[in-house]
Amino acid sequence: MLHFPDINTVGFPLGPITIHWYGLLEIISFVIATVWLIRRGKMSHWNWRKEQVVDLEFYVAVGAILGGRVGYIIWYNLPYYLSEPLKMLYIWDGGMSFHGGLLGVVLACWAFAKSHQDHSFLPTLDFIAPAVPIGLGLGRLANFINDQLFGRVSHLPWAMVFPAGGPQPRQPSQIYEFLLEGVLLFLILAIYSRKPRPAGSIGGMFVLFYGIFRFVAEFARQPDIQLGFVFGPFTMGQVLSVPMIILGPVIIWWAYKGGFAESPPATKPATSSKTVSEH
């Protein structure tokens, strides 16, 4: 049995402002994802300019925040927010849903493609998808530091006593999700997207594997206290992941069948004369 490390949730003070690790890690993930996408955007089968990547990241950030908040309100705590409607705006108090954030990102990519004729909708989704696990992974580390979203009671050797979880040891499910939804999902998508793929297939891979990883990890995670189990032994996170597990293979199959009207990402050379290689 392990004990939760004594971690100060405050990263550092910045004048009158207190920077918490959760917000700091989210900012770091945004910077890392942007830098990585700018580098990959120079590859000939992507051909994204730096300013386009930065613009897309802005769209995606807004879509993820709005979608994540709306999704949490609807799926996880609707009665409470109907009784306290002003609290819907209190994002700083927590309460975000990945599945809602995903829908927000999809809409953001659609809006971006409508306003940028250089890149159409599906290739835009394919381009951003491999970078999403960076934010997911660091977000799960932030959950661990914040002593939240811990796992179910367990007596495994690496089970941990969380201060907010009572005296019994629990599974460190945040670390499981960091490894699955962050590290492993990033490696799968980064490797798969190194070569040109049919439009929609990379997004389909993201949908499939995130759905699988989230569904598995939820067996170790403590259900949300206001919901508990929502469908037999399954949590809301698992219920929302099942459509992803079903839809992902369909998207991939349809992409390879050429069923999507859009063409794969442009293959013309990037504007830079330098050759970009990945290591």
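Let me begin with a definition: a residue is called buried when its relative accessible area is under 20%. By that criterion, Y72 and Y76 are both buried. I shall return to these two tyrosines after introducing the model, which is a predicted one.

First, confidence. The average pLDDT of the protein is 89, and 92% of the residues score at least 70. The stretch to treat with caution is residues 263–279, where pLDDT stays under 50. The model has 29 contacts beyond four places in sequence for that stretch. Where pLDDT is low, the predicted coordinates should not be read in detail.

Next, the annotated segments. An unreviewed UniProt entry lists residues 20–38, 58–78, 90–113, 175–193, 199–217 and 229–256 under "transmembrane region". Let me take two of these. Residues 199–217 are 89% helix and 0% strand, with end C-alpha atoms 29 Å apart. For residues 229–256 the helix share is 75%, strand is again 0%, and the end C-alpha atoms are 37 Å apart.

Helix α8 deserves a closer look. It spans residues 201–217. Its 17 residues reach 24 Å from the first C-alpha to the last, close to the 24 Å expected at 1.5 Å a residue. Of those 17 residues, 14 are buried, and the helix is thus mostly covered.

That brings me to the interior. The largest nonpolar core holds 37 residues, and L56 and F206 have the most contacts inside it. At least two residues of this core come from each of α1, α2, α4, α5, α6, α7, α8 and α9. Which helix gives the most to this core? It is α8, with seven residues. As for L56, its contacts outside the residues up to four places away in sequence are W48, C109, F112, T124, F127 and I128. There is also a second, separate core of six residues, and Y72, I73, Y81 and M236 are among them.

I turn now to the aromatic residues. The count comes to 20 aromatic pairs. One of them joins F4 and F162, with 5.5 Å centre to centre and 45° between the planes, a tilted arrangement. F4 sits in the loop between β1 and β2, whereas F162 sits in the loop between β4 and α7, so this pair ties together parts that are 158 residues apart in sequence. Both phenylalanines, F4 and F162, are buried.

The pair I mentioned at the start is Y72 with Y76. Why does this pair count as stacked? The ring centres of Y72 and Y76 are 5.6 Å apart and their planes are at 10°, so the pair falls in that class, for which the planes must be under 30 degrees apart. Y72 and Y76 are both in helix α2, four residues apart, which is about one turn of the helix. Beyond these two pairs, ring pairs also link W46, W48, Y59, F112 and F127 into a cluster. Two members of that cluster have appeared already, since W48 and F112 both touch L56.

Let me now move to helix α6, residues 132–145. In the unreviewed UniProt entry, the annotation "binding site" covers R140, and R140 lies in this helix. Is R140 buried or exposed? Its relative accessible area is 10%, so R140 is buried. Leaving aside neighbours within four places in sequence, R140 is in contact with L149, Q174, E177, F178, E181, Y210, R214 and R221.

N143 is placed in α6 as well. It counts as buried because its relative accessibility is 5%. Its contacts, again leaving aside neighbours within four places in sequence, are Y22, Q148, L149 and Q174. L149 and Q174 therefore appear in the contact lists of both N143 and R140.

Finally, two points of backbone geometry. Most residues other than glycine have a negative phi, and most peptide bonds are trans. N47 has a phi near 60°, a positive value in a residue other than glycine. It is found in the loop between α1 and α2, and with a relative accessibility of 13% N47 counts as buried. D147 also has a positive phi, near 60°. This aspartate is found in the loop between α6 and β4, and its relative accessible area of 14% means that D147 is buried.

Technical notes. Residues numbered from 1 in each chain as written. Predicted model: local features only at pLDDT ≥ 70, side-chain atom pairs only at ≥ 80, totals over all residues. Heavy atoms only, no water. UniProt positions renumbered as here; feature names shortened; annotations may be inferred. pLDDT = per-residue confidence, 0-100. Contact = heavy atoms within 4.5 Å. Buried < 20%, exposed > 50% of the residue type's maximum accessible area, 1.4 Å probe, protein only. Core = buried A, V, L, I, M, F, W, Y, C linked by side-chain atoms within 4.5 Å. Phe/Tyr/Trp six-rings, centres within 6.5 Å; stacked < 30°, edge-to-face > 60°. Expected span 1.5 Å × (residues − 1).
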